[in-house]
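Subject: The structure I promised you

Hi there,

Here is the structure we talked about, for you to open and turn around on your screen. Have a look at it first, and then read on for what I found.

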Amino acid sequence: MSVPLSTLRHSTAHLLAAAVIQLYPGAQLGIGPAIEDGFYYDFGLSVTLAPEDLPLIAEEMRKIAAQKSPYLCETISKKDALRLF
């Protein structure tokens, strides 16, 4: 089964967010969209990340991916979204 690149990038952004939350408790999520040449995520953190932190984050992403938890796309009403978030 072939997955569109945009879907892969979107899912990987979610993995990044999950890894950062796991490694840096209290991290606040900003936005994390897939973009034309990859993806990014904005975080509110009590520490400043450096390039040396990326291998640790990547390893945590691999651990989370290995759990094979389902990532589902679900459409909900604005009312339900406001209640949830």
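Let me start with the protein as a whole. It has 85 residues, and 19% of them count as buried. Please keep in mind that this is a predicted model. The C-alpha atoms fill a box of roughly 40 × 35 × 25 Å along the principal axes. About 6800 Å² of surface is accessible, and carbon and sulfur atoms account for 59% of that surface. As for charge, there are 7 positive and 9 negative side chains, and the centres of these two sets lie 10 Å apart.

Next, try tracing the chain. You should come across three helices and four strands. Starting at the N terminus, their order is α-β-β-β-β-α-α. How much of the contact network joins residues at least 24 apart in sequence? Among contacts between residues at least 6 apart, the share is 55%.

The helix α1 is a good place to practise. This helix covers residues 5-23, which makes 19 residues. At 1.5 Å a residue the helix should span 27 Å, and its end C-alpha atoms are indeed 27 Å apart, so the expected and modelled values agree. Which residues of α1 are buried? They are Arg9, Ala13, Leu15, Leu16, Ala17, Ala19 and Val20. As you look at that list, it helps to know that an α-helix has 3.6 residues a turn, so residues three or four places apart point the same way. The cover over the buried residues of α1 includes the strands β1 (28-29), β2 (34-35), β3 (38-39) and β4, along with the helix α2.

Threonine 12 also sits in α1. Leaving aside residues up to four places away in sequence, threonine 12 touches Phe39 and Met61. Its C-alpha is 10 Å from that of tyrosine 41, although the two residues are 29 apart in sequence.

Tyrosine 41 brings us to the rings. How many aromatic pairs does a search of the whole structure find? The search finds one. The partners are tyrosine 41 and phenylalanine 43, whose ring centres are 5.1 Å apart; their planes meet at 20°, so this pair is stacked. The cut-off for stacking is an angle under 30 degrees. Are the two partners buried or exposed? Tyrosine 41 counts as buried because its relative accessibility is 17%, and the cut-off for buried is under 20%. Phenylalanine 43 has a relative accessible area of 23%, so this residue is partly exposed.

Phenylalanine 43 turns up again when you look at glutamine 28, a residue of strand β1. Not counting residues up to four places away in sequence, glutamine 28 touches Asp42, Phe43 and Gly44. The C-alpha atoms of glutamine 28 and leucine 45 are separated by 6.6 Å, with their positions 17 residues apart along the chain. Even with these contacts, glutamine 28 counts as exposed, at 56% relative accessibility.

Now move along to the loop between β4 (43-44) and α2 (54-66), where you will find serine 46. Serine 46 counts as exposed because its relative accessibility is 79%. Compare its position with that of phenylalanine 85: the two residues are 39 apart in sequence, and their C-alpha atoms are 22 Å apart in space.

In the helix α2 itself, pick out leucine 56. At 47% relative accessibility, leucine 56 counts as partly exposed. Its C-alpha atom is separated by 8.7 Å from that of leucine 23, and these two residues are 33 apart along the chain.

One last stop is lysine 68, in the loop between α2 and α3 (78-84). What is notable about its backbone? Lysine 68 has a positive phi of about 55° although it is not a glycine. With a relative accessible area of 73%, lysine 68 is exposed.

Enjoy exploring, and write back with any questions!

Best wishes

Technical notes:
Residues numbered from 1 in each chain as written. Predicted model: local features only at pLDDT ≥ 70, side-chain atom pairs only at ≥ 80, totals over all residues. Heavy atoms only, no water. Phe/Tyr/Trp six-rings, centres within 6.5 Å; stacked < 30°, edge-to-face > 60°. Buried < 20%, exposed > 50% of the residue type's maximum accessible area, 1.4 Å probe, protein only. Helix = DSSP H or I, 4+ residues; strand = E, 2+ residues; numbered from the N terminus. Contact = heavy atoms within 4.5 Å. Areas by Shrake-Rupley, 256 points an atom, 1.4 Å probe, with all protein chains shown as cover. Lys, Arg positive; Asp, Glu negative; His and termini not counted. Charge placed at Lys NZ, Arg CZ, Asp CG, Glu CD. Expected span 1.5 Å × (residues − 1).
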